[in-house]
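Please open the model in your viewer and keep the sequence panel beside it. The tour below moves from one selection to the next and says what is to be found at each stop.

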Amino acid sequence: MRQTGTMEKIVPPSPGDPRRPLGPRDPGDAWVEGDRGKFWGRFGSAGLLAHDPKKGVLLQHRATWSHHGGTWGLPGGALHQGEDAVTGALREAHEEAAVPEESVKLLFTSVFDVGYWSYTTVAVRVLEPFEPAINDPESIELLWIPVEEVASINLHPTFAASWPELRGRLLDGIGDGY
């Protein structure tokens with residue numbers, strides 16, 4: 001809500017309202033629009049596909065107020081200006097799910113690019129097991145989902161479309177002894 005002057009008023013949710021983020025926003029926290037649609041993240045976005053061979057992949061049940069709320073996807077979000085996708089995905093995953101950067105190893109990245117905006121999936125292998133924790137209001141729940149069950153849950157539409165390729169790359173990595 002914009003008030004008179006240059007200050008923005010931050011309004012906490014009323015009792016019973018869905019959770020939503022509070023506090024100052026980064027300049028990257030904005031929508032971009034073009035001929036291929038409207039996307040979150042002025043400088044692009046990134047998400048972390050954390051894979052623990054014993055537990056599965058870490059998924060975030062997205063808050064109902066978010067874009068495609070109520071679906072399952074990756075912890076992630078808007079990149080900061082000048083931030084590379086790997087750094088941004090690790091930062092967002094720590095902010096949203098307490099993913100410890102020192103407990104994971106980069107496997108690969110996959111980029112969805114529409115020309116004026118891009119989303120990078122950053123796939124990592126869990127080296128040291130950890131339990132995720134909800135650190136902000138962007139999650140309803142965080143769960144490790146076995147790889148073979150991911151496609152059977154209500155996924156964010158774009159993640160659902162990319163999952164078959166991502167799954168194949170994850171499983172190929174397992175065969176390579178990563």
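What follows is a walk through a predicted model, from strands to a helix and then to single residues.

**Stop 1: the strands around S8**

Begin by selecting strand S8, residues 118-126, together with strand S3, residues 45-52; the two run parallel and are joined by seven bridges. To find the register of this pairing, pick Ala 50, whose bridge partner in S8 is Val 124. Now add strand S7, residues 104-113, which pairs with S8 over nine bridges in the antiparallel sense. Here a convenient marker is Thr 109, which has Val 122 of S8 as its bridge partner. If you follow the chain from S7 into S8, you pass through a hairpin with four residues between the strands, and in this turn Gly 115 has a positive phi of about 100°.

**Stop 2: helix H1**

Next select residues 85-97, which make up helix H1. Its 13 residues should span 18 Å at 1.5 Å a residue, and this agrees with the 17 Å between the C-alpha atoms at its ends. At the N-terminal end, show the side chain of Asp 84, which caps the helix by placing an oxygen 3.1 Å from the backbone nitrogen of Val 86. Past the other end of the selection, H1 is followed by Ala 98, which has a positive phi near 60°.

Which residues of H1 are buried? Ala 85, Gly 88, Ala 89, Leu 90, Arg 91, Glu 92, Ala 93, Glu 96 and Ala 97 are, and the elements that cover the buried residues of the helix include S3, S7 and S8 from the previous stop, as well as strand S4 (56-62), strand S6 (76-78) and strand S9 (139-145).

**Stop 3: Gln 60, facing Glu 96**

Stay with Glu 96 and display Gln 60, since the side chains of these two residues make a polar contact of 2.9 Å. Gln 60 is found in strand S4, and with a relative accessible area of 2% it is buried, because buried means under 20%. Beyond its neighbours within four places in sequence, the residues in contact with Gln 60 include Thr 71, Trp 72, Gly 73, Leu 74 and Pro 75, and also Glu 138, Ser 139, Glu 141 and Leu 142.

**Stop 4: the aromatic rings**

Now colour the aromatic side chains, among which a search of the whole structure finds seven pairs. Zoom in on Trp 31 and Trp 40: their ring centres are 5.2 Å apart and their planes stand at 70°, so the pair is edge-to-face. Trp 31 is partly exposed, at 37% relative accessible area, and Trp 40 also counts as partly exposed, at 28%. Adding Lys 38 to the view shows a charged residue lying over the face of Trp 31, at 4.9 Å from the ring centre. Then select Phe 39, Phe 112, Tyr 116, Trp 117 and Tyr 119, which form one aromatic cluster.

**Stop 5: Gly 28**

Finish at Gly 28, in the segment before strand S1 (31-34). Is this glycine buried or exposed? At 0% relative accessibility, Gly 28 counts as buried. Draw a distance from its C-alpha atom to that of Phe 43, and you should read 5.7 Å, although the two residues are 15 apart along the chain. Apart from residues up to four places away in sequence, Gly 28 touches Gly 41, Arg 42 and Phe 43, and also Ala 78 and Leu 79.

Methods
Residues are numbered from 1 along each chain as its sequence is written. This is a predicted model: local features need pLDDT of at least 70, side-chain atom pairs count only at pLDDT 80 or more; totals for chains, interfaces and linings use all residues. Side-chain values use heavy atoms; hydrogens and water are left out. Two strands pair if DSSP finds at least two bridges between them. The expected span of a helix is 1.5 Å times one less than its number of residues. Buried means under 20% relative accessible area, exposed over 50%, partly exposed in between (1.4 Å probe, protein chains only). Contact means heavy atoms within 4.5 Å. A polar contact is a pair of N or O atoms within 3.5 Å; within protein, one must be able to donate a hydrogen and the other to accept it, and residues adjacent in sequence count only if both atoms are side-chain atoms. Rings of Phe, Tyr and Trp (its six-membered ring) pair if their centres lie within 6.5 Å; planes under 30 degrees apart count as stacked, over 60 as edge-to-face and the rest as tilted. A charge sits over a ring if NZ of Lys or CZ of Arg is within 6 Å of the ring centre and within 35 degrees of the ring normal.
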